[in-house]
Amino acid sequence: MATAPPVFISTTALHSLITHKSLIRHLQSTLPPLSAAVQSPLRHAHQTSPSSSFLLMPSWSTSPLLPYIGTKLVTHHSNNSTLNLPGVHAVYVLFNSLTGQPLATMDATSSPSTARPACRPSLRCTCLEKRP
């Protein structure tokens with residue numbers, strides 16, 4: 001059986017598909033019922049040279065409703081400014097957890113600026129709503 005090749009999602013495509021508002025709505029509606037099934041261990045950080053590091057941020061779901069494994073891979077090179085390059089580069093890789101097939105790769109270099117501001121208030125609101 002032939003399978004489709006993994007999709008690559010560029011930063012430009014990502015920004016055209018997702019707004020802060022839609023991301024917050026999605027997180028608020030999706031995370032609470034599935035949060036117990038999502039496993040996100042502490043990130044792994046490895047020093048690759050005196051001025052660079054490699055980080056791995058894995059996550060997966062144990063729910064059949066969310067059959068995915070993903071990881072964000074990040075490089076940090078503090079000397080890149082001398083080359084007129086960003087110090088941080090990242091990709092996110094998504095797999096099907098039932099078959100292990102790669103589904104997508106996404107440029108995640110700019111995702112902290114998109115995800116962090118959207119996630120924090122969304123998660124705070126969700127947590128506050130659950131307080132007695």
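## A tour from a bent helix to a strand hairpin

Helix 2 bends by about 25 degrees at L27. That makes a good first stop, so select residues 20–34, which form helix 2, and look for L27, where the bend sits. Keep in mind as you explore that this is a predicted model.

**Stop 1: along helix 2.** How far apart should the ends of helix 2 be? At 1.5 Å a residue, its 15 residues should span 21 Å, and the end C-alpha atoms are indeed 21 Å apart, so the expected span and the model agree. Now show the side chains of L23, L27 and L34: these leucines of helix 2 are buried. Notice that L27 appears twice on this stop, as the place of the bend and as one of the buried residues.

**Stop 2: zoom out.** Color the whole protein by secondary structure. You should find three helices and seven strands. Starting at the N terminus, trace the order β-α-α-β-β-β-β-β-β-α. Next, switch on the surface. The accessible surface comes to about 9,100 Å², and 65% of that belongs to carbon and sulfur atoms. Of the 132 residues, 23% count as buried. For contacts between residues at least 6 apart in sequence, 40% join residues at least 24 apart.

**Stop 3: strand 3.** Select residues 44–49, the six residues of strand 3. Is this strand largely in the open or covered? The number of buried residues here is zero, so strand 3 lies largely in the open.

**Stop 4: the hairpin.** Add residues 52–61, which make up strand 4. Strand 3 and strand 4 run antiparallel and are joined by five bridges. Between the two strands sit two residues, and together the strands form a hairpin. To see one pairing, click on H44 and then on L56, its bridge partner in strand 4. While you are here, a useful general idea: in a regular strand, side chains alternate between the two faces of the sheet.

**Stop 5: S59.** Stay in strand 4 and pick S59. Why does S59 count as buried? Its relative accessibility is 19%, and buried means under 20%. Which side chain does the side chain of S59 touch through a polar contact? The partner is the side chain of S40, at 2.8 Å. Finally, display the other residues around S59: leaving aside neighbours within four places in sequence, S59 is in contact with V38, Q39, S40, I69 and G70. S40 is therefore worth a second look, since it is on that contact list and also makes the polar contact.

Conventions
Residues numbered from 1 in each chain as written. Predicted model: local features only at pLDDT ≥ 70, side-chain atom pairs only at ≥ 80, totals over all residues. Heavy atoms only, no water. Helix = DSSP H or I, 4+ residues; strand = E, 2+ residues; numbered from the N terminus. Buried < 20%, exposed > 50% of the residue type's maximum accessible area, 1.4 Å probe, protein only. Contact = heavy atoms within 4.5 Å. Areas by Shrake-Rupley, 256 points an atom, 1.4 Å probe, with all protein chains shown as cover. Expected span 1.5 Å × (residues − 1). Bend = angle between axes of the 7 residues up to and from the residue. Pairing = 2+ DSSP bridges. Polar contact = N/O pair within 3.5 Å; in protein donor to acceptor, adjacent residues only side chain to side chain.
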